[in-house]
Amino acid sequence: METVALQSNDSLLSCNSDDPTYEPSQEIEDVPQCNINLRPRNNRRFEANLVELSLPQTYDEAIQSPQKNEWSQAIREELSAHEENYTWSAVTRAGQRTLTTKWVFAIKKNEDNQTRYKARLCARGFTQIKDVDYQEIFSPTTRYDSIRIILSIAAKYKLEIQQFHVKTAFLNGYLEENIFIEVPEGVILDKSYVLKLNKSLYGLKQASRCWNKRFTEFLMKYGFVQSQAGNCIFIGVFNKIKVILIIYVDDALIISSSKQLIHEIIEYLKQAFKIKVMPLRYFVGMEIERINNCIHIHQRDYIEQIIERFCMTNATPTSTPADVNVIMTKNEDENIINFPYRELIGSLLFLCSVSRPDISFAVNVLSRYVNNPSQQHVNAVKRIVRYLINTKDLCIKYGESDGLIGYSDSDYASDVDTRKSTTGYIFMMNGGPITWSSQKQKTIALSTTEAEFVAACEAAKEIIWLLQLMLDLGENCKCVTMFIDNQSAIKLINNPVYHKRTKHIES
């Protein structure tokens, strides 16, 4: 090979090994590994992060981004909503304690799959001080059990159902405290002023409570009565026609036999709130279909999202959610499994609490090992997903006219690490399940009789709540039939016989 000589100058050093003054550099040691174990990210997860980073994180990023026109329009719409709602008033700064705000941006898609840019002005609620900026923050919400019960009643009597959404719901609540905020970015106002909040703002700790209180008072003025079994369920009788209204934060359902009455109630609500009427299809993560006067509940789209998110599209389907021959135990190995186990368990918990009671037991067992899962647990949770691939079209169907029937059972000492049993119960009404549960018992049962007795007690507590809700809804449900498959527990419930094996059980 032909070599080319370099002219020496001040900026270059000779690297000729024949030069007696040349000394080879020392060998670089290996860079020490970081002692923090990071979860590996696969390609699909990395792509999701890229989508998140494309959203502007600050006001300046939004108005300087390539989509500045869309973001500017979204900001103007948000500020216009505050102006129409009279959310704040400008006052002279006089040493008031103030909260700062932050713009939150999101890109959403509507029912027609059209992109919508959304900007939300939020208060930094984490800087609030208790007894200064807020008092109580609890706000009730609706249980999915209540939603299913009301839908089953609607299917039984073939009632009309209308869904609606309250726009900027939290901006309608009245504050009980004097709260001041700094002038937000995008609002042209001298810095010598601060804004006094007349109504609640997104991000405040008490915002949800203020909204719920305002909406409840507004409905009661119209003649609705709040259910004792659920603070977000309202029942009204107008011209001898019953109306049931159930609200989940800012989404609601109105059920009645009269379309005209439903229309009148929505028009009344529009006097104080911005109401968007929508067809009954999706409600708080639940897909609802009405076919031949029957109501079907499922989460097919959500299941497909789970399958795609965790890269199991090509997995082999299975016919059962769990293998009865596999016993789950605590993982003693400290090695971290390269799998998003906690995220998948969380997704399945939401699924089994809304529309899939058939996977409740399997998910409950595997949720006990989210802190340190082993490969055995990973294989088991993947089996649930494989079962969902095979059964994603299953749904809950309401339409028959059946009474309330319950089933109670227990899995004695199924947890080999703690020797605790598992309680399971399910209640059926109008052709489908309305409420169910599968959870580990809090105490250690000494026999199958005691485990079944504890499970029956949990089911009996659920019956008490169901009877109260039925009473509020005007349903005649005086007697509930509950089935137990343990003769000793049945005899103990009927006749509290005390002897060595049962004297510690309070019946």
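In which helix is the place of Glu 452? In this predicted model, Glu 452 belongs to helix 11, which comprises residues 448-473. The relative accessible area of Glu 452 is 6%, and because buried means under 20%, this residue is classed as buried. Beyond its neighbours within four places in sequence, Glu 452 makes contact with Ser 408, Asp 409 and Ser 410, and also with Ile 484, Asp 485, Asn 486 and Ala 489. Strand 17 spans residues 405-411, and the contacts of Glu 452 include Ser 408, Asp 409 and Ser 410.

The protein chain as a whole has 507 residues, of which 42% count as buried. Its secondary structure consists of 12 helices and 20 strands. When contacts between residues at least 6 apart in sequence are considered, 71% of them join residues at least 24 apart. The surface exposed by the protein chain amounts to about 29700 Å², and 50% of this area is supplied by carbon and sulfur atoms.

On the surface, a patch of positive charge is formed by Lys 108, Arg 116, Lys 167 and Lys 276. One of these residues, Lys 276, is located in strand 12, which covers residues 275-278. The relative accessibility of Lys 276 is 41%, a value for which the residue counts as partly exposed. Partly exposed residues lie between the limits of 20% and 50%, and Lys 276 is therefore assigned to that class at 41%.

Backbone geometry was examined next. Most residues other than glycine have a negative phi. Against this background, two residues are described here. Asn 292, a residue other than glycine, has a positive phi, with a value near 55°. Asn 292 occurs in the loop that connects strand 14 (286-291) with strand 15 (294-298). With a relative accessible area of 69%, Asn 292 is exposed, because the limit for that class is over 50%.

Arg 419 likewise is not a glycine, and its phi is positive at about 65°. The position of Arg 419 is in the loop between strand 17 (405-411) and strand 18 (422-429). The relative accessible area of Arg 419 is 45%, so this residue is partly exposed. Strand 17, at one end of the loop that holds Arg 419, runs over residues 405-411, while Ser 408, Asp 409 and Ser 410 are among the residues in contact with the buried Glu 452.

Key:
Residues numbered from 1 in each chain as written. Predicted model: local features only at pLDDT ≥ 70, side-chain atom pairs only at ≥ 80, totals over all residues. Heavy atoms only, no water. Patch = residues over 30% accessible without salt bridge, like charges linked within 9 Å, V, L, I, M, F, W, Y side chains within 5 Å. Areas by Shrake-Rupley, 256 points an atom, 1.4 Å probe, with all protein chains shown as cover. Salt bridge = Lys/Arg side-chain N within 4 Å of Asp/Glu carboxyl O. Lys, Arg positive; Asp, Glu negative; His and termini not counted. Charge placed at Lys NZ, Arg CZ, Asp CG, Glu CD. Helix = DSSP H or I, 4+ residues; strand = E, 2+ residues; numbered from the N terminus. Buried < 20%, exposed > 50% of the residue type's maximum accessible area, 1.4 Å probe, protein only. Contact = heavy atoms within 4.5 Å.
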